[in-house]
Amino acid sequence: MAPIPGSGLAKGLAVTLRTMTRKTVTEQYPDAQPELPPRTRGVIGLFEENCTVCMLCARECPDWCIYIDSHKETVPPAAPGGRERSRNVLDRFAIDFSLCMYCGICIEVCPFDALFWSPEFEYAETDIRDLTHERDKLREWMWTVPAPPALDPGAEEPKEIAAARKSAEKLAAAQAESAAQSESAAQAESAAQAESADQAESADQVQPQTEPAAEPPSSARPHTGTAAGPEPEPDTNRKPQEGES
Ligand code: SF4
Ligand code: SF4
């Protein structure tokens, strides 16, 4: 069937009209920041507190664009009599973003969660040599990493959270046990104090009855010539001494 003359024009005008009435999708960057998806691969952020300088990321990077320098330090033993340990201290961590192909292997292989994708994308430079970014810049980018999405309700609890929960429960149980022990010790002490106070009180009540019995009988007391007893009779046979009348 032959096409109706002018139908192509009408079809084209219909498309134009539809597009004219549709909302524009052009983003006015840089006046308006784009809304990026949460898993955007912009740059790599480094959380250097987690980095143990195991060098896995540098070894696995297909472009060999991760540069790490470190030195060893001796750590004194944690407890007296323990063994000294040595640990790696990070001196340099840099990524050359002019070589990086954003494969994400370094982030995947890091066993200590020290590397993360950041959606940051404004790091263009006019000199390619300036695209090698050092640890300070990588650390700055770390703070632009979005929070991880919420877990699926049916998902298994992450190992880290389970371990943290178990240690928190253990700590709470130990604290409760020590609190109960100190409470029972305080109760026992107060009971002992009350008992000793009772004993002292009963001893005070018993003392007046026992005091007279402790005194010697009056017949057994020596004659002192006081009002308590008769005056000793003078010895008439004794000769008077000189000076005596
Ligand atoms: S994303 Fe890939 S290419 Fe880039 S640094 Fe990591 S491992 Fe290397
Ligand atoms: S793999 Fe992770 S822990 Fe090991 S050196 Fe790289 S960033 Fe550090």
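**Close-up views of a predicted model**

**View 1. Asp96 and its partner in β5.** Thr132, in strand β5, is the residue opposite Asp96. This is a predicted model, in which local features need pLDDT of at least 70 and side-chain atom pairs count only at pLDDT 80 or more, while totals for chains, interfaces and linings use all residues. Residues are numbered from 1 along each chain as its sequence is written, and chains are lettered from A and ligands numbered from 1 in the order in which they are written. Strands (E, at least two residues) and helices (H or I, at least four) are DSSP runs, numbered from the N terminus. β3 and β5 are antiparallel and share two bridges; two strands pair if DSSP finds at least two bridges between them.

**View 2. The open sheet β2-β3-β5.** Three strands with antiparallel pairing form this open sheet, in the order β2-β3-β5. At its edges are β2 and β5 (132-133), each of which pairs on one side only. Helix α4, residues 135-142, lies across β3 and β5 and runs at about 85 degrees to β3. For such angles, axes are lines fitted to C-alpha atoms, for helices over the stretch in contact, and values run from 0 to 180 degrees between N-to-C directions. For the chain as a whole, five helices and five strands are found, and along the sequence they follow the pattern α-β-α-β-β-α-β-β-α-α.

**View 3. The loop that holds Arg129.** Arg129 lies between β4 (115-118) and β5. Arg129 counts as exposed because it has 8 C-beta neighbours inside 10 Å. The classes are set by the number of other C-beta atoms within 10 Å of a residue's own: 20 or more for buried, 12 or fewer for exposed, and partly exposed in between, with C-beta atoms placed from the backbone. Arg129 and Phe97 are 32 residues apart in sequence, and their C-alpha atoms are 9.5 Å apart in space. Buried residues make up 8% of the 245 residues in the chain.

**View 4. Strand β1 and its pairing with β4.** The two strands are antiparallel, with four bridges between them. Leu46 has Leu115, in β4, as its bridge partner. From β1, Val43 and Gly45 point one way and Ile44 and Leu46 the other way, and all are buried. In a regular strand, side chains alternate between the two faces of the sheet.

**View 5. Cys61, Cys100, Cys103 and Cys106.** An unreviewed UniProt entry lists these four residues under "binding site". They span 46 residues in sequence, yet no two of their C-alpha atoms are more than 10.5 Å apart, so they gather at one spot. UniProt positions are given in the numbering used here, feature names are shortened, and annotations may be inferred rather than shown by experiment. Cys61 is in the loop between α2 (56-60) and β2 (66-75), and counts as partly exposed with 19 C-beta neighbours inside 10 Å. Leaving aside residues up to four places away in sequence, Cys61 touches Ile66, Ile105 and Cys106; a contact means C-beta atoms, placed from the backbone, within 7 Å of each other. Cys103 is in the loop between β3 (85-96) and α3 (105-109). With 13 other C-beta atoms within 10 Å, Cys103 is partly exposed.

**View 6. The surroundings of ligand 1.** Ligand 1 is surrounded by 13 residues, of which the closest are Cys61, Cys100, Cys103, Ile105 and Cys106. A residue is near a molecule if its C-beta atom, placed from the backbone, lies within 6 Å of it. The shell has eleven nonpolar, one polar and one charged residues. Ala, Val, Leu, Ile, Met, Phe, Trp, Tyr, Cys and Pro count as nonpolar, Asp, Glu, Lys and Arg as charged, and the others, Gly among them, as polar.

**View 7. Cys51, Cys54, Cys57, Cys110 and ligand 2.** The unreviewed UniProt entry also gives "binding site" for Cys51, Cys54, Cys57 and Cys110. These residues span 60 residues in sequence, yet no two of their C-alpha atoms are more than 10.5 Å apart, so they gather at one spot. Cys54 lies in the loop between β1 (43-46) and α2, and is partly exposed, with 15 other C-beta atoms within 10 Å. Cys110, from the loop between α3 and β4, is buried, with 20 such atoms within 10 Å. Among the residues that surround ligand 2 are Cys51, Cys54, Cys57, Cys110, Ile68 and Phe112. By class, eleven nonpolar, one polar and no charged residues form the shell around ligand 2.

Note on methods:
Two residues are in contact if their C-beta atoms, placed from the backbone, lie within 7 Å.
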